[in-house]
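Have the sequence and the 3D view open while you read. We'll take a casual walk through a few spots, starting with some rings.

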Amino acid sequence: MYQCSRRNMLGLVGGIVAGGAIAGLAGPAWAAATGTKSGATALYPKTFKSLMAAVAFEVQANANYLAFADAADKDGHREIAAIFRAIAAAELKHANDEFAIAQSLISSAVKPKAEKAALAGSTAANLQAAIAGETEEYTKIYPGFVKIAQAERMRTALGIFTIAKLAEEVHAGIYADLLKHLDKFDREKYAKVYRCPVCGNIVPTVRPMACPICGDEGEDLIEYTIVG
């Protein structure tokens with residue numbers, strides 16, 4: 001389901017970038033796909049579609065990572081479970097911020113709900129799935145959304161898409177590092193991690209003076225104790 005959701009998202013991105021109209025999505029059908037009431041229009045139509053698509057993906061990622069966290073706990077990887085939960089919170093932050101912008105364009109927009117969370121496999125398999133999803137986001141999905149927001153000159157959406165892209169790249173790197181050292185968790189490096197409440201960036205080890213992505217004050221970052 002996780003793979004399927006990602007393919008659906010890429011298809012939607014491609015349709016938006018290619019020319020705006022997506023075959024088969026009009027009127028009530030489009031309303032169902034985007035969570036809007038039929039007949040509603042947006043000042044920035046392609047950006048609005050991108051925002052709603054991004055929300056759907058982020059909400060799904062949040063649900064998947066929480067399921068992966070529960071599976072990691074059962075596997076005995078409690079530290080990895082805690083990191084899954086920290087990143088899940090970051091994905092939910094992205095979803096909430098993107099939906100707030102979408103609602104500023106169409107007040108009747110309805111926030112998408114996650115499908116049933118992806119069936120969690122082994123911790124190794126779940127990390128691989130997370131890496132694939134995050135990599136897709138920062139290499140294809142968000143770059144496409146950035147182009148759309150730039151073309152329509154929608155600065156607020158451009159801002160969230162840009163910082164989300166950068167945060168997803170960090171998430172992918174963390175998951176890759178955890179997978180590489182699955183048999184020997186780096187308890188020093190990941191003793192604590194810090195989540196930026198503005199952009200969803202995750203910083204391991206030491207609280208920074210400021211978030212490396214958005215510049216938010218370091219004291220505002222949310223601390224997670226991974227190794228108790």
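## A cluster of rings

Which residues form one aromatic cluster together with Tyr65? The other members are Phe68, Phe84 and Tyr175. Keep in mind as you look around that this is a predicted model.

Let's zoom in on two of those members. Tyrosine 65 and phenylalanine 68 make a tilted aromatic pair, with ring centres 6.2 Å apart and 45 degrees between the planes. Both of them sit in helix 3, which covers residues 45-75. They are three residues apart, or about one turn of that helix. As for their surroundings, tyrosine 65 and phenylalanine 68 are both buried.

## Another ring pair

The count of aromatic pairs comes to nine. One of them joins phenylalanine 185 and tyrosine 190. How are these two rings arranged? They're tilted, at 5.9 Å from centre to centre and with 40 degrees between the planes. Those two numbers are the usual way to put it: a pair of aromatic rings is described by the distance of the centres and the angle of the planes.

Are phenylalanine 185 and tyrosine 190 buried or exposed? Phenylalanine 185 has a relative accessibility of 16%, so it counts as buried. Tyrosine 190 comes in at 3%, so it is buried as well.

## Cysteines without a bridge

How many disulfides does the model have? The count is zero. Take cysteine 211, which is in no disulfide: the nearest cysteine sulfur belongs to cysteine 199 and is 3.5 Å away. Why doesn't that distance make a disulfide? The two sulfur atoms would have to be within 2.5 Å, so 3.5 Å does not qualify.

Cysteine 214 is in no disulfide either; its nearest cysteine sulfur, on cysteine 196, lies 3.4 Å away. And how accessible are these residues? Cysteine 211 is buried, with a relative accessible area of 5%. Cysteine 214, on the other hand, has 30% relative accessibility and counts as partly exposed.

## A stop at alanine 176

Where does alanine 176 sit? You'll find it in helix 6, the stretch from residue 155 to residue 180. Is alanine 176 buried, exposed or partly exposed? Its relative accessible area is 34%, so it is partly exposed.

Now look from alanine 176 across to alanine 132. The two are 44 residues apart along the chain, and their C-alpha atoms are separated by 9.8 Å.

Technical notes. Residues numbered from 1 in each chain as written. Predicted model: local features only at pLDDT ≥ 70, side-chain atom pairs only at ≥ 80, totals over all residues. Heavy atoms only, no water. Helix = DSSP H or I, 4+ residues; strand = E, 2+ residues; numbered from the N terminus. Buried < 20%, exposed > 50% of the residue type's maximum accessible area, 1.4 Å probe, protein only. Phe/Tyr/Trp six-rings, centres within 6.5 Å; stacked < 30°, edge-to-face > 60°.
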